[in-house]
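User: Could you take a close look at the aromatic side of this model for me, and at how it ties in with the nonpolar packing? One connected walk-through is fine.

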Amino acid sequence: MSSIQKVRKWCNFEFDENEPQKKNIKNPKQSENMLLEEKVAISKIEKSDYGHGTVNINDKNWMKTFDPVIVEDLAIHNKKIQEVEEWLKSCAGKNQSDILLMTGPVGSGKTITISILAAKHNIKVTEWITPLDIDMPSDYGDYEFKEKQSTKFLEFIIKAANFTSLLDNNDRKLVIVEDFPNTFIRTPSEFTDVLQQYKYRAKSPIVFICSETHSDTKNTALNLFTPSLKEQFHIHHIMFNSISTTGLKFALKRVSEIISKKHKAVYNVPTADMIDCVVNSSAGDVRSAVLNLHFACLKGSNMDLETSIVIEKETKSKTKKKKNSSKFLSLGKDQTVNILHGVGRVLNPKVAFTEKGKQLTHSPKDVIEQFLSQPSSFVNFLEENYLPHFSCSDHTDKAASALSDADFMLAEWREKMCQEYGLYTAVAGIMLANKAPISAWNPVRGPKNMKVQYPSPQELRLDVNYLYKGKVLVMDYQTYSKIIGCNSSELNNISIHL
Amino acid sequence: MSLWVDKHRPRDLMKLDFHKDQAIRLKNLVQQSDFPHLLVYGPSGAGKKTRIMCLLRELYGSGVERLRQETMTFTTPSNKKIEIMTVSSNYHIEVNPTDVGIHDRVVIMDLVKNVAQTHQIDSSGQREFKVVILNEVDDLTKDAQHALRRTMEKYVATCRLILIANSISRVIPAIRSRCLTIRIPAPTETEIASVLHLVCKKESINIPSDLAMRIARSADRNLRRALLMCEACKVQQYPLTADQKVPEPDWQIFIRDTASTILSEQSPKKLGEVRQKLYELIIHGVPPDMIFAGLLKELVKNCDMAMKCQVASHAARFEHRMRLGNKPIFHLEAFVAKFMAVYKKFMEESLGDAF
């Protein structure tokens, strides 16, 4: 990898079409007016790049046309940007190896924030990308000696932090790590060593960027950056939230402006309705929102198809949910429902009256689709939380029976369909059983940890190598050994006193 | 602390207090040089382990009573390390594979392999095989039971398995047929009472025969519990009188309490309270089937005959579900909810009739 990086330092590749932009920004101009001028300049460059101002989709970097270029373009909350900027300022020019950790859900603008801010402050950014390491045997059939991944990583980040590129003459540098080498996930202790070395030897700040996921097991931020580690290395932690609706709208409006200015040949100018659709379907993920908008606005042979889907969806959802007037455009990405949201939908079933008669607003089928990958944990959530929503014991009986059936089906792990059926039974059972729901605010609780704790023989003052364990101790010994034990010890005490 | 249960546990097959015919047969079985794998089953407190220890003593002499405790570690295929406590002597090793939950298969395969691969150092005058005792075989996962079947055949030359279970209905037929199954029935109440008399005589205290009978009756034909009750009685009040209080196990009182909560009011809110109590019982290690049995026993006391049938059949259904399912609490709760619905309907109807 390091060799590749060296090459990169020496020459610019053609596909790296961002480079002219960056250079432009890097001119040390600070005032707002200057920046505006810059923007014009950039657009000029773009125009000259693309000839007649059209986007060539075959171009590898067509997505980049919509990337924000200045701080004001960012859809992220101002406070967050300020926080990052302050950190950047605080560690600029100190020649110290400060560490920043940025976490947040996917598409919340972590990477773009840091790179734009770095550009603004004229800081050279170097990013680590984990190289492929496939073992290819040599001609003699033996394997080449390879360096350890962590050694390579350490070498790279230290070089990137301490040495300037020949192509540009700025001395302020920043290292970004978004792509963690696998070895750290397996053995987090190696990561601690690397950080120690970095702290000791490097002269530039480093930024670690982690995407948050719902499941704990894949959460690099949680696994690698333990609280003790953060304390040890004084790691500053900035947490990003998913982008707000207004932020998304702002970003999409900017995109639509770009479209209407420059790319009319390829895109239809998006309507406000369409932007609303995209905002609703992207769930705070700005990257996928832009992608969806791109897909929705494309001109071309399949244009009719796209628009028809949009219209159909709209009409459907309008009848379904008039009050909120939210429309789901299922383009590319499904609308994401997190587990708490899903639990809420099941426990507060809303009935809508349509031509066909009564209908549930969210049909059980739609709900289970979201949770097919983790049926038992969803059912556990339901079981823990369903009771406060019921008013009548007849209804609870039906719901509890449905849950019992569901658990029985979920236990059959050899049959794949059973998982789906089990989940469906639980969801539909609870939704249909609750004829008279109580609508009150009930916080959703996580399922209980049902680990059985048997008393140890020592607790009951029995011999360590005792014949019996577990159940028998609970069922028979616990009560009586308490009675016998405490009284006999009292007797002993008395006899000692006497 | 040495309890009466342990102090007066018979250590020789010929000194057992009941099932004497069976004891003679067991002795004969051991006196021949070899014996097959055993599957000993019977209700709790009937004397399964006592008989097995007697049997081992008969086989190897008093060396089997020098026990030591060891922690063994195994690695699952997914590279997870699991630890399990074993109790062993030079001649046998005892383990509770259900302690490690779903990883019991690994324990069974590796443990039996370990034991079977090492031969007895001094085989002259000793048996050529070691004994592995597995507890709670009926609670093993199906996977583990199938693994056990294979292991049993493979290492039959160097080790014998003694399996202990409460009921063989959950042991797969393949294992049942590979073992000599020995049923140890629970002692009758009179047998328990006579044992109580015997123990009291050895402790040189006097027990009224009424009290002995009452203890025997409240112990659910569980001799161990009866002896513990008897000792607890003695500690609470001595000399023993015929009408003194016999302390009940805590969990039974707790279950009765839960049942009265169910009967007091039938509403989702009450069900929530009941659930908390059930959680508590399960977490403290009371087996869910005992909770089921206890609840049913208490609840049907307040039902008329027609309803008793109905409730019992529902209980049977949910209990069966519980065996097949993963989460006992789901089924316990479903049963309680069902009972609440049935009972409420019944109460409303009878009130309607009254007016």
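**Aromatic rings and the core around them**

Analyst: Let's begin in chain A, where ring pairs join A:Trp128, A:Phe153, A:Phe156, A:Phe180, A:Phe184, A:Phe191, A:Phe208 and A:Phe225 into one cluster. Keep in mind that this is a predicted model. Searching the whole structure turns up 17 aromatic pairs over all chains.

Now for chain B, and a pair worth zooming in on. B:Phe292 and B:Phe335 have ring centres 5.3 Å apart and planes at 40°, so they count as a tilted pair. This one links distant parts of the chain: B:Phe292 belongs to helix α12 (residues 288–300) and B:Phe335 to helix α14, with their positions 43 residues apart. Both B:Phe292 and B:Phe335 are buried.

Another tilted pair is B:Tyr343 with B:Phe346, since the planes are again at 40°, with the centres 6.3 Å apart. These two sit three residues apart in helix α14 of chain B, which means about one helical turn separates them. Their surroundings differ, though: B:Tyr343 counts as buried because its relative accessibility is 7%, while B:Phe346 has a relative accessible area of 24% and is partly exposed.

Helix α14 matters for the packing count too. The largest nonpolar core has 61 residues, and the members touching the most others are A:Phe378, A:Leu382, A:Tyr386, A:Val427, A:Ile430, B:Ile291 and B:Phe339. Helix α14 (residues 328–354) of chain B supplies the largest share of this core, eleven residues. Take B:Ile291 from that list: leaving out residues up to four places away in sequence, B:Ile291 touches B:Ile255, B:Leu278, B:Leu281, B:Ile282, B:Val286 and B:Leu332. Apart from this core lies another, of 42 residues, including A:Ile176, A:Tyr267, A:Ala289 and A:Cys297.

Rings in chain B also have charged company. The charged end of B:Arg160 sits over the ring of B:Phe129, 4.4 Å from its centre. Likewise, B:Arg317 lies over the face of B:Phe318, 4.7 Å from the ring centre.

Last, a quick backbone check on chain B. Most residues other than glycine have a negative phi. B:His19, however, has a positive phi, near 55°, and lies in the loop between α1 (4–7) and α2 (20–31). B:Ser204 has a positive phi as well, about 50°, in the loop between α7 (189–202) and α8 (209–218). As for accessibility, B:His19 is buried at 19% relative accessible area, just under the 20% cut-off, whereas B:Ser204 is exposed at 61%.

Key
Residues numbered from 1 in each chain as written. Chains lettered and ligands numbered in written order. Predicted model: local features only at pLDDT ≥ 70, side-chain atom pairs only at ≥ 80, totals over all residues. Heavy atoms only, no water. Core = buried A, V, L, I, M, F, W, Y, C linked by side-chain atoms within 4.5 Å. Buried < 20%, exposed > 50% of the residue type's maximum accessible area, 1.4 Å probe, protein only. Helix = DSSP H or I, 4+ residues; strand = E, 2+ residues; numbered from the N terminus. Contact = heavy atoms within 4.5 Å. Phe/Tyr/Trp six-rings, centres within 6.5 Å; stacked < 30°, edge-to-face > 60°. Lys NZ or Arg CZ within 6 Å of the ring centre and 35° of its normal.
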